[in-house]
Every structure is written in C-alpha cells, then in structure tokens.
Amino acid sequence: MTSTVAAAESALSRRFGAPVRLGDPEDLGGSGRAVVIRVRVVENPFSLPRSLVIKHYQGPAPEADADPFAHEAASCQLLTALPSETWVGPELVGQDASERLVILEDLGRAPTLTDRLEGSDTRAAETALLAWARGLGRLHASTAGREADFDTLVRRLGGLEPARPAAVEDSERMLAELPTLLAETVGVTTPDAVLAELGEEVRLFARGRYRAFSPSEICPDNSVVTSSGVRFLDFEGGCMRDIALDAVNLSVPFASCWCGSAIPGRMSQAMLAAWRSEVSAVWPELDDDAVLMPWLLRAQLLWAWLTTWKLLGIAHERSADIPAANDHGDPILRYLTLLTQWERLAGEERLSPAMREHAEQVAEGIRGHFGLQTQRLPTYPAFR
C-alpha cells in the first residue's frame with residue numbers, strides 16, 4: 001500500500017501545486033485487478049475532504065481487451081463533469097494515467113443496498129430500492145447523448161475506442177457457445193429459429209436508440225445508500241449502451257447480477273415508475289407501456305441467455321454441478337435466480353411459441369441437473 005499512497009500524494013500535489021500528505025491507509029479489498037484503500041488527508045493546504053479512496057490498478061493495460069483503468073477513470077471524469085445535483089457516483093478528486101490510479105471522494109461507511117435488503121427493516125429497504133431506481137434513471141437521463149464524449153475520454157486514457165459494451169461482446173460469443181453448453185450440460189437442444197430470433201435481439205441492443213452511460217455492474221453491493229441518495233461504485237466496465245440492459249433490473253430485480261433474491265412485485269412496479277419519472281423527460285415515449293414493456297422483455301431474454309452461458313460455462317470447465325461457493329456468492333442462490341428467470345420467460349405470452357417452449361425446456365433442465373426440484377428463490381430478508 002505504501003507505493004499506492006506515494007503515487008496518490010504525487011498526483012494530488014501536482015494537481016494542486018503544493019504538497020499533499022496522506023496517511024493511515026485502510027485496505028478496502030478490490031477486484032483483484034486493483035488495490036483499493038481509504039486514506040486520511042494528513043497535510044492539506046486546500047479544501048480537500050478528511051479522507052479519500054484510492055483505486056490503483058496493477059500491471060500494464062491489456063493489449064486487446066478493454067482496460068478497466070481507462071473505463072474507470074473516463075467514467076468518473078464524465079460523471080464528475082455533470083452538474084453536482086445529478087451526481088450518482090463518487091466525485092473524481094484526481095488521477096494519474098501513468099500510475100494507473102484514480103483518487104475518489106470517500107462515501108464513508110454508509111450501508112450498501114445489499115445491507116438494506118439483507119436487514120430486517122422493510123421500510124428502509126423500500127426507500128433504498130426506490131432511491132436506487134431514481135438514481136439509475138437520473139444517471140441515464142443526464143448522460144444521454146454523451147457517447148462521443150465518453151469515447152474521447154477512454155481514448156485519451158489509452159483505452160480501446162469506440163468503447164464497446166461488454167454485454168454486446170459477450171452476446172456474440174454466447175450465440176456461438178451456449179447451444180452446445182445447453183445440450184451437453186442440461187440436455188436441451190436449441191432450435192435454429194430460436195437462435196435466429198435471439199441473434200436479432202443482440203443486433204438490436206448493439207445499435208439501440210435509447211443509449212446512455214451504464215456502470216455495467218449495478219448489483220446491490222455496488223450501490224451505496226447515502227443521505228443524498230444512492231451512489232454507484234465500480235466503473236471498470238463503464239460504457240455507453242442501450243439502457244434497457246440496466247432497466248431490466250427494475251422489472252426483474254437484478255437480472256444482470258450473478259445472484260440475488262426476490263422482492264415483492266409491488267416493489268418492482270414502484271421501482272420502474274421511479275426510474276420512468278427520471279428518464280421520461282429525455283425519452284417521453286418510454287412512458288407508454290406499449291413501447292417500454294416489449295423492450296424490457298427483450299432485455300430480460302438477453303440477460304437470461306448471458307447469465308446461463310456464464311454459469312454453465314463455469315460448471316462445465318470445472319466438471320462440477322455447482323461451482324465453488326466463494327465465487328460470486330451462494331451457488332444455490334445463483335441457480336435459483338437463473339431458474340426463476342427462465343420460468344418467467346416460459347410463461348411470457350409476448351414471446352414467440354418457439355421461444356416459450358425452449359425456455360420451459362431450459363428451466364426443466366436446470367431444475368433437474370442442479371437438483372432444484374422443490375426449491376424456490378427466497379425473498380430478501382427485509383421482505384420476509
């Protein structure tokens with residue numbers, strides 16, 4: 001941590017033109033690609049806050065893949081440049097591209113959305129979910145039309161440009177690999193008509209008209225509940241993409257996450273309404289259910305396929321029915337989340353008959369293969 005603190009002191013001193021000294025580093029964990037620490041501002045000739053968070057990426061930038069540092073730094077630059085009343089992430093205080101580090105506002109020890117959902121206070125969980133939905137809508141509305149700005153920032157930081165969304169790139173691999181995984185793992189054959197239909201959905205999201213900034217990782221544990229609303233963390237996958245890929249998490253809570261629990265249907269409806277209240281000023285047509293709901297259904301379908309491809313790929317590589325429990329949360333909960341998504345699709349009358357039949361077969365295959373015959377996805381503790 002010593003080298004990280006020294007690099008941050010140097011970056012801040014250069015920015016402000018006078019020495020800045022930091023101390024008392026506290027390890028906050030990280031993704032494995034970066035060291036993340038909280039530091040106290042010991043010597044501060046400016047109006048810096050009492051503490052800061054430093055994220056220091058280790059090793060050189062990848063040559064062919066998206067650079068998480070470039071995306072993190074560009075994302076924080078983009079969001080910090082917006083009017084302060086629209087901020088939904090930590091303020092960027094400083095950065096150093098040569099050292100591959102970003103210095104951020106410290107949001108303190110505020111609870112995450114996961115903390116609220118795993119707690120016993122139903123009202124607090126409801127308030128946090130609605131704040132999360134409003135924050136997501138505010139993020140989308142405030143960054144609409146800024147794709148060229150974001151791509152420029154990524155390029156200046158050494159990243160690939162244009163900055164393609166990971167979900168779109170993953171979808172192209174998924175189309176090629178998932179039919180084989182389904183056949184070998186759960187014994188389900190994918191008809192050509194189903195694959196062609198899904199391929200069209202992937203193409204739609206690659207060029208969707210409703211585009212804005214997305215952190216990509218908007219799971220509850222990356223969302224901090226502060227007195228001024230929910231703030232999102234972790235922008236390693238930050239990108240511009242079709243906002244349905246985020247908004248689907250409102251109609252099917254946390255569909256894009258590795259795992260999650262259920263929430264009452266009334267809360268999903270309230271979250272969707274809170275999000276719409278923010279984005280309707282930019283995209284008024286999304287107030288029309290005839291436009292919004294089919295669009296979200298397509299995103300739900302895409303996420304079910306993507307998540308299945310990732311999880312079955314892990315199980316297949318390890319030659320095990322259930323991956324290790326320390327990878328992305330409770331393994332049983334992961335498969336129950338996935339199963340619930342497929343069961344919802346199987347009952348969705350707006351899908352084609354072929355897609356519904358295939359969804360029903362996949363749900364049955366997952367339930368049988370992973371021994372989930374009598375189990376159901378539990379609700380979050382706050383709603384039990």
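Let me start with a cysteine that stays unpaired: the sulfur of Cys239 is 14 Å from the closest cysteine sulfur, in Cys219, which is too far for a bond, given that a disulfide is a pair of cysteine sulfur atoms within 2.5 Å. Before going on, I should say that this is a predicted model, in which local features need pLDDT of at least 70 and side-chain atom pairs count only at pLDDT 80 or more, while totals for chains, interfaces and linings use all residues. Residues are numbered from 1 along each chain as its sequence is written, and side-chain values use heavy atoms, with hydrogens and water left out.

Cys239 is buried, with a relative accessible area of 1%, where buried means under 20% relative accessible area, exposed over 50% and partly exposed in between, with a 1.4 Å probe and protein chains only.

So which cysteines does the disulfide join? A search of the whole structure finds one disulfide, and it joins Cys219 to Cys257, with an S to S distance of 2.2 Å. The torsion about this S-S bond is about -130°, so the disulfide is left-handed, and both Cys219 and Cys257 are buried. Cys76, by contrast, is in no disulfide, and the nearest cysteine sulfur, that of Cys239, is 14 Å away.

Turning to the nonpolar core, meaning a set of buried Ala, Val, Leu, Ile, Met, Phe, Trp, Tyr and Cys residues joined through side-chain atoms within 4.5 Å, the largest one has 100 residues, of which Trp132, Trp275, Trp295 and Trp342 touch the most other members. A second, separate core of 16 residues includes Val39, Leu48, Leu52 and Ile54.
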